[in-house]
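This report concerns selected charged contacts, a metal site and a surface patch. The model is shown below.

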Amino acid sequence: MSAPTLDRSATGSPDEATLQEQFDATIAADRRIEPRDWMPEGYRKTLVRQVAQHAHSEIIGMQPEGDWLLAAPSLRRKAVLLAKVQDEAGHGLYLYSAAETLGADRADLTDKLIEGRQKYSSIFNYPTPAYADVGVIGWLVDGAAICNQVPLCRSSYGPYARAMIRVCKEESFHQRQGYELLMTMMRGTDEQRAMVQDAVDRWWWPSLMMFGPPDDESPNTAQSMAWGIKRHTNDELRQRFVDMTVPQAQALGVTLPDPDLAWDADSGHWRFGAIDWEEFRRVLAGDGPKNAERIARRRAARDDNAWVVEAATAYARKHERGAA
Amino acid sequence: MSEVTAEGGHGAIPTGPEVPVQPRARAVQRDWPLYEVFVRGKRGLNHVHVGSLHAPDDEMAIDAARDLYTRRNEGVSIWVVRAVDITASSPDEKDPLFAPSGDKVYRHPTFYEIPDGVPHI
Ligand SMILES: [Fe+2]
Ligand SMILES: [Fe+2]
């Protein structure tokens, strides 16, 4: 919100040291920073990067599953998938709304996404050749999203935390519809079971990469945690996800494609094999199977619909003049 | 590679200085105006601010707000108002605007001591 502010302070504005002190005290008390509060430039910039690219991930995230909207096997499955994809659009817009409270602008962020200057989650650069992919995305990709989004409900930045509360409520439907879809297929034919296993084989490792590089390659984690905009390290979140997911895979009857996956009774955690970070870097940088296609489609959506934006603007102006 | 954090929602995203954050005027001018959205969750409750959206006019702002903020019966009534039409107090907790109520503890019921034996007060 860029509303004008009444300035009736008799004493003038406090100096930066005082402002920093007040900011630190708010964070230390685990209270929320709100849009027009003073905040350190680094805090604001890191948040814009985090929130804006989170929004981009939601928006681009509609595409892999959106490809199945017309091909889903029943009216019920179509309705569910449509609701899920529509939610992801909503998540993107809640987050653009939060980013705008930090001085960013929605149309400008979209341009930065299309120009490749800002990124989105690498997970959406993988293809969805089978209908089982819809189920596996709901189960694993939205499941991983829940792991890193739930702690964000306590983000120190108020508008982001509030957006995440709304998102998390909806995310649970996403994961459950995916898991239910997979359970249905697992009760079907051998061919259907093979299709589910193949999808799990393709999505498991990219899902683990969703939590980002290991902690020793994340030098700024401490600062982000001190600011309350990151609540757990990448490795902690990844471990939590693996621990939650292994029993779900067992219940489903699929094998996770990791020969090193083993229960470690001492730590009470599932141990897993080495992640191919080279692949992660390549895909994030733009060299994944679907990067070019995802961006091309987003660009087409902006450019092909520009006339609608212009026409609605022209209509609104004319209407305003007529009313005056 | 630059810092990559898990907190990209649906997956890790980079947060290093190579990711630009400063808006350029060209894109801003192209977009529809910003509206703030308030929703009454159910009868008996106040409208509460839920977020914002861009729309060409008031009517489309209401329609978009319904699709964006009330997909699961979250509301029975929606207000939209252009963000530029809102005037706000300074949000600072030390704001002098709120100082007049800061030292008036006698406005609260707990200020008054009543013996335990007195009923219904
Ligand atoms: Fe989402
Ligand atoms: Fe989701």
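A:R271 counts as partly exposed because its relative accessibility is 37%, a value between the 20% and 50% limits that separate buried from exposed residues. In this predicted model, the side chain of A:R271 meets that of A:D264 in a salt bridge, at 3.5 Å from N to O. A:D264 is likewise partly exposed, since its relative accessible area is 21%.

**Salt bridges**

Over all chains, the structure holds 30 salt bridges. Side chains of opposite charge can pair when their charged atoms come close. Three of the pairs are listed here.

| Residue | Partner | N to O distance |
|---|---|---|
| A:D264 | A:R271 | 3.5 Å |
| B:R82 | A:E320 | 3.3 Å |
| A:D142 | A:K84 | 2.8 Å |

The salt bridge of B:R82 with A:E320 crosses between chains, running from strand β5 (residues 77–82) of chain B to helix α13 (residues 306–323) of chain A. B:R82 is partly exposed, with a relative accessible area of 23%, and A:E320 counts as partly exposed at 45% relative accessibility. Salt bridges also link A:D108, A:K112, A:E115, A:R117 and B:R24 in a network.

The salt bridge between A:D142 and A:K84 joins distant parts of the chain: A:D142 lies in helix α6 of chain A and A:K84 in helix α4 of chain A, 58 residues apart. A:D142 and A:K84 are both buried.

**Iron site**

A:D142 is also a donor to the iron ion (ligand 2), through OD. The other protein donors are A:E88 (OE), A:E171 (OE) and A:H174 (ND1), and the donors lie 1.8 to 2.2 Å from the ion. Along the chain, the donors follow the spacing E-x53-D-x28-E-x2-H. Which geometry does the site of the iron ion (ligand 2) have? The site is irregular, with angles of 86 to 169° among its 4 donor atoms; a tetrahedral assignment is excluded because it would require all angles to lie between 85 and 135 degrees.

The iron ion (ligand 1) is 3.3 Å from the iron ion (ligand 2), and A:E88 coordinates both. A:E88 lies in helix α4 (residues 75–100) and A:D142 in helix α6 (residues 132–149) of chain A, so the pair ties together parts that are 54 residues apart in sequence. Both A:E88 and A:D142 are buried.

**Nonpolar surface patch**

On chain B, a nonpolar surface patch of about 710 Å² is made by B:V105, B:Y106, B:F111, B:Y112, B:I114, B:V118 and B:I121. B:V105 is located in the segment after α3 (99–102) of chain B and counts as partly exposed, at 47% relative accessibility.

Notes
Residues numbered from 1 in each chain as written. Chains lettered and ligands numbered in written order. Predicted model: local features only at pLDDT ≥ 70, side-chain atom pairs only at ≥ 80, totals over all residues. Heavy atoms only, no water. Patch = residues over 30% accessible without salt bridge, like charges linked within 9 Å, V, L, I, M, F, W, Y side chains within 5 Å. Areas by Shrake-Rupley, 256 points an atom, 1.4 Å probe, with all protein chains shown as cover. Salt bridge = Lys/Arg side-chain N within 4 Å of Asp/Glu carboxyl O. Helix = DSSP H or I, 4+ residues; strand = E, 2+ residues; numbered from the N terminus. Buried < 20%, exposed > 50% of the residue type's maximum accessible area, 1.4 Å probe, protein only. Donors = N, O, S within 2.8 Å, 3.2 Å for Na, K, Ca; no water. Tetrahedral: all angles 85-135°; square planar, octahedral: opposite > 155°, others 65-115°.
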